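Welcome to a short set of exercises with worked solutions. Please keep the viewer open beside you and try each task before reading on.

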Amino acid sequence: MKRYWRFLLPAGLVVIVLVFLIATLTSNLVYFKTPTEVTEEAADPDVRLRLGGQVAVGTVSQTAETVSFAVCDGIVSVNVVHQGAPQELFREGIGVVLEGNWDGATFHSDTMLVKHDEQYRTDAGDYEHEAFCS
């Protein structure tokens, strides 16, 4: 019996540490769907999802309460209406991840993450203009 405890106690601790690490890492990942994936699925305006892609050049239009633009993945372009002010780094040609709802024609967003360096962030900084979708 003593022999089993020498094995079970360290094995149990290793399992607990692995479960904690996996849970921590997966909560920090940002999963999103591309415009192609969003348009191929059936629209359900009650389901929240994340849309990621490049802000299409020449599509940004801002009002006092919303920003309208298109997000593309090089194949398909999706119209977006973002409620609220955009991030300071927001501009044409950059990568964005948006949270909101897809109604089949327009993606309605209330959360915006912009790409800075190799990470998506909500804080400000410098970013060079890259135009991939036009």
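A salt bridge here is a side-chain nitrogen of Lys or Arg within 4 Å of a carboxyl oxygen of Asp or Glu. The model is predicted, so local features need pLDDT of at least 70 and side-chain atom pairs count only at pLDDT 80 or more, while totals for chains, interfaces and linings use all residues. Residues are numbered from 1 along each chain as its sequence is written, and side-chain values use heavy atoms, with hydrogens and water left out.

**Exercise 1. The salt-bridge network**

Task: find which residues are linked with E99 in a network of salt bridges, and say which strands they come from.

Solution.
- Step 1: Start with E99 and R50, whose side chains meet in a salt bridge at 2.9 Å, N to O. E99 sits in strand β5 and R50 in strand β1, 49 residues apart, and the pair links distant parts of the chain. (Strands are DSSP runs of E with at least two residues, helices are runs of H or I with at least four, and both are numbered from the N terminus.)
- Step 2: Look for another partner of E99. R48 forms a salt bridge with E99, with the closest N and O atoms 3.5 Å apart. This pair also joins β1 to β5, across 51 residues.
- Step 3: Move on from R48 to D110, where the closest N and O atoms of the salt bridge are 3.0 Å apart. D110 belongs to strand β6 and R48 to strand β1, so this pair ties together parts that are 62 residues apart in sequence.
- Step 4: Put the pairs together: R48, R50, E99 and D110 form one network of salt bridges. The structure holds four salt bridges.
- Step 5: Check exposure, where buried means under 20% relative accessible area, exposed over 50%, and partly exposed in between (1.4 Å probe, protein chains only). R48 is partly exposed at 44%, D110 is partly exposed at 44%, and R50 is partly exposed at 27%.

**Exercise 2. A serine in a strand**

Task: decide whether S109 is buried or exposed, and name what its side chain makes a polar contact with.

Solution.
- Step 1: Locate S109 in strand β6.
- Step 2: Apply the cut-off: S109 has 4% relative accessibility, so it counts as buried.
- Step 3: List the contacts (heavy atoms within 4.5 Å). Not counting residues up to four places away in sequence, S109 touches V80, V81, H82, Q83, L98, E99 and G100.
- Step 4: Pick out the polar contact, which is a pair of N or O atoms within 3.5 Å; within protein, one must be able to donate a hydrogen and the other to accept it, and residues adjacent in sequence count only if both atoms are side-chain atoms. The side chain of S109 makes such a contact with the side chain of H82, at 2.9 Å.

**Exercise 3. Core and surface**

Task: name the residues that touch the most other members of the largest nonpolar core, then find the nonpolar patch on the surface.

Solution.
- Step 1: Recall that a nonpolar core is a set of buried Ala, Val, Leu, Ile, Met, Phe, Trp, Tyr and Cys residues joined through side-chain atoms within 4.5 Å. In soluble globular proteins, nonpolar side chains tend to be buried together.
- Step 2: The largest core has 18 residues, of which L51, F69, F90, V96, L98 and F107 touch the most other members. Two or more residues come from each of β1 (48–55), β3 (66–72), β4 (77–83), β5 (95–102) and β6 (106–116).
- Step 3: Turn to the surface. Patches are made of residues with over 30% relative accessible area and no salt bridge; like charges are joined within 9 Å, and nonpolar side chains (Val, Leu, Ile, Met, Phe, Trp, Tyr) within 5 Å.
- Step 4: V14, V17, L18, F20, L21 and I22 form a nonpolar patch with about 590 Å² of accessible area together (Shrake-Rupley method, 1.4 Å probe; for residues, only the protein chains shown count as cover).
- Step 5: Take I22 as an example: I22 is found in helix α1 (residues 2–27) and is exposed, with a relative accessible area of 54%.

**Exercise 4. The whole chain**

Task: give the order of the elements from the N terminus on, and the percentage of residues that count as buried.

Solution.
- Step 1: Count two helices and seven strands, running α-α-β-β-β-β-β-β-β.
- Step 2: Of the 134 residues, 30% count as buried.
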